[in-house]
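Hi,

Here is the structure I promised to pass on. Have a look at it first, and my notes on what turned up follow below.

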Amino acid sequence: MSAADKSVLPDSPHHSILIFGASGDLTSRKLMPALFTLWSEGFLLDDTPIFGVARREKTDDEFRHEMQAAVSRHGRLGEIPDDQWQKFAARLFYHRLDLDTPDGYVGLHSRVEETEAQLFGPDVAASRVVYLAITPSLFLPSVENLCAGGFKPAHDETHRLRVVVEKPFGRDLSSSLELSSGLNRLLDESQIYRIDHYLGKETVQNILLFRFGNAIFEPLLNRNHVDHIQITMSEDQGIESGRGGYYDTSGALRDVLQNHVLQLLCLVAMEPPAVFLGDQIRDEKVKVLESLRPGSDNIDEWAIGGQYVGGTVDGKAVNGYRQEDRVAPNSRRETFVGMEVFVDNWRWAHVPFYLRTGKRLPARVTEIAIQFKLPPLHPFSTVECDGDDCGLVGSRPNSLVFRIQPEESITLSCSVKKPGHQYNLERQRLQYQYPHGLAEAYERLLLDVLRGDSTLFTRSDELEAAWRFVQPVLDHWETEKFQPEFYQVDTWGPQAAITLLGNSGREWREP
Ligand SMILES: NC(=O)c1ccc[n+]([C@@H]2O[C@H](COP(=O)([O-])OP(=O)(O)OC[C@H]3O[C@@H](n4cnc5c(N)ncnc54)[C@H](OP(=O)(O)O)[C@@H]3O)[C@@H](O)[C@H]2O)c1
């Protein structure tokens with residue numbers, strides 16, 4: 001373990017990490033590479049045991065070999081020297097367990113306790129972090145069985161069991177409430193870490209620091225100066241192989257907009273908390289979600305659902321959504337959502353927020369674009385003219401763009417005088433680009449769980465408010481009245497989404 005900044009080390013040195021679903025995709029691609037990097041950079045002690053748990057038969061050695069291949073392939077540190085891997089792998093264990101069967105948990109608990117006693121000594125009470133990298137139907141049974149199987153700590157030691165829950169947190173308001181109340185019956189809210197990996201990204205965390213740590217932007221971020229805000233989370237790919245079955249029961253609204261996009265909206269719209277601590281920040285986010293208001297009374301006017309049809313991308317034929325593997329041939333599932341919403345509070349009254357997410361769009365981009373009002377430019381038209389546009393050539397409003405994907409950057413676009421003998425404007429950009437090789441979101445989030453810091457995790461009331469807002473759209477889209485509007489692959493979605501802004505003379509950015 002190398003030296004690390006003490007201020008960001010875990011809250012207690014002694015942890016055990018249990019990954020439920022250790023033979024799955026998430027463990028190989030994200031969790032184990034993140035744990036390895038944390039250890040390599042000194043944020044995880046040498047003696048922290050990591051238990052992989054799943055149903056299939058496997059020895060510790062087989063598990064270690066599989067994880068070595070996974071970390072070499074997906075980790076960001078490149079080739080791992082064998083001696084370094086051996087050192088890390090010495091604390092990797094595999095435990096076979098059907099998470100549905102309560103009896104097996106006692107054996108798991110004994111193994112964890114014995115291992116901890118060997119590693120930490122007999123009197124150390126370690127904290128256990130249990131990562132649920134499993135199908136959502138197993139979330140509640142697993143937590144119930146964990147608690148009954150000996151893992152539930154005394155009520156004054158709740159920090160000794162932390163459970164990380166992967167999305168989806170329900171598929172609508174009622175299932176989400178059911179899941180939350182089930183978890184809250186067994187665990188204190190402070191023990192539940194609902195992960196949204198977007199919140200682990202540098203730029204996303206920087207939104208709050210950038211807004212409230214600079215004197216020059218925050219005074220402008222309100223209805224007096226901002227014309228509108230666009231949040232885009234677009235993918236250029238269609239349905240990944242094997243995911244059609246899941247996606248066809250989910251769709252873009254549940255899969256991305258309800259969680260990631262609304263979380264970004266909260267960060268750009270929220271008020272500064274009294275202190276930058278988890279609960280205070282989340283209190284402010286809840287207020288934003290509770291202030292959300294649809295763009296009009298008619299759902300079809302403010303919430304646009306679209307579905308891609310086949311075509312060609314870069315000269316290659318690509319399937320439409322209905323032709324994708326495991327998608328119903330007459331599916332009405334939306335692969336695109338565009339929305340106009342308002343944050344009905346003093347700061348943001350009448351400022352539209354335009355949200356969009358979709359598959360098979362022209363680029364893979366996540367960004368928040370704050371579009372300022374256009375200042376009066378008529379004074380410039382006193383210079384020599386050539387037609388009506390004299391002096392206004394190139395005039396565009398300022399924008400401040402937080403780019404979260406693929407590269408991470410912040411860009412302020414300004415108008416400057418174009419060199420020459422006329423007052424023509426041109427657009428120039430002031431940009432801060434984050435360096436390459438930033439920590440993976442999962443590294444930061446896992447470290448936060450170890451530190452007991454839940455700032456970047458979604459609290460149950462945030463979740464409820466987000467579901468409450470989208471539920472009328474989900475309900476409407478389940479009825480036969482709704483047909484998603486088709487859009488061609490490699491375009492920015494259906495015509496209705498363009499009209500959503502066009503009606504007020506605005507247009508979507510083409511990132
Ligand atoms: N993959 C991603 O990038 C990603 C991203 C965001 C969210 N998620 C979420 O993360 C969770 C896991 O996703 P995944 O892609 O890793 O799924 P996956 O590849 O299907 O893996 C599921 C894991 O659960 C284990 N499992 C299933 N039933 C079990 C049981 N009864 N007892 C014990 N283990 C059981 C499986 O192992 P055995 O078959 O050996 O039991 C496997 O290890 C899901 O909730 C998913 O929505 C995944």
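Before the notes, one convention for the element names: helices (H or I, at least four residues) and strands (E, at least two) are DSSP runs, numbered from the N terminus. Also bear in mind that this is a predicted model.

With that naming, Pro406 falls in the loop between E15 and E16. The peptide bond leading into Pro406 from Gln405 is cis, with omega near 0 degrees. The two strands around that loop, E15 and E16, make a hairpin with 3 residues between them. They pair in the antiparallel sense over 5 bridges, and Val401 stands opposite Thr411 of E16.

E15 has another partner too: strand E14 (residues 365–372) pairs with E15, again antiparallel, over 6 bridges. Gln405, the residue before the cis bond to Pro406, is the bridge partner of Thr366. How much of E15 (residues 399–405) is buried? The count is 7 of its 7 residues.

These strands also show up in the second largest pocket, which holds about 550 Å³ of space. Of the 28 lining residues, the closest to the pocket's centre are Gln371, Arg396, Ser399, Arg427 and Arg509. E14, E15 and E16 each give two or more residues to the lining, as do strand E7 (226–234) and strand E17 (425–433). Sorted by class, the lining of this pocket comes out as 12 charged, 10 polar and 6 nonpolar residues.

As for enclosed space, there are 3 cavities of 30 Å³ or more in the whole structure. The largest cavity has about 80 Å³ of space. It is lined by 14 residues, and Gln258, Asn259, Gln263, Thr458 and Leu463 are the closest to its centre. Which helix gives the most to this lining? That would be H9, with 5 residues. Helix H9 (252–269) and helix H13 (460–478) each supply at least two lining residues. Here the classes are 6 nonpolar, 5 polar and 3 charged.

Next, helix H5 (residues 139–151), which is worth a look on screen. It has 13 residues, yet its end C-alpha atoms are only 15 Å apart, whereas a straight helix would reach 18 Å at 1.5 Å a residue. Its buried residues are Phe139, Ser142, Val143, Asn145, Leu146, Cys147, Gly149 and Phe151. Their cover includes strands E1 (15–20), E4 (127–132) and E5 (161–165), along with helices H4 (104–120) and H6 (173–186).

Two of those covering elements, E5 and H6, have a loop between them that contains Pro168. Here is another cis peptide bond: it joins Lys167 and Pro168, with omega at about 5 degrees.

Finally, a couple of backbone oddities. Arg360 is not a glycine, but its phi is positive, at about 60 degrees. Arg360 is in the loop between strand E13 (352–358) and E14. Asp490, also not a glycine, has a positive phi of about 70 degrees, and its loop runs between strand E18 (485–488) and helix H14 (495–502). Are these two buried or partly exposed? Arg360 has a relative accessible area of 14%, so it counts as buried, the cut-off being under 20%. Asp490 is partly exposed, at 34% relative accessibility.

Over to you!

Conventions: Residues numbered from 1 in each chain as written. Predicted model: local features only at pLDDT ≥ 70, side-chain atom pairs only at ≥ 80, totals over all residues. Heavy atoms only, no water. Expected span 1.5 Å × (residues − 1). Buried < 20%, exposed > 50% of the residue type's maximum accessible area, 1.4 Å probe, protein only. Contact = heavy atoms within 4.5 Å. Pairing = 2+ DSSP bridges. 1 Å grid on protein atoms, 1.4 Å probe; cavity = no way out; pocket = protein on both sides within 12 Å on 5 of 7 lines; lining within 4 Å. Points joined across faces, edges and corners; volume = space filled by probe spheres on them. Nonpolar A, V, L, I, M, F, W, Y, C, P; charged D, E, K, R; others polar.
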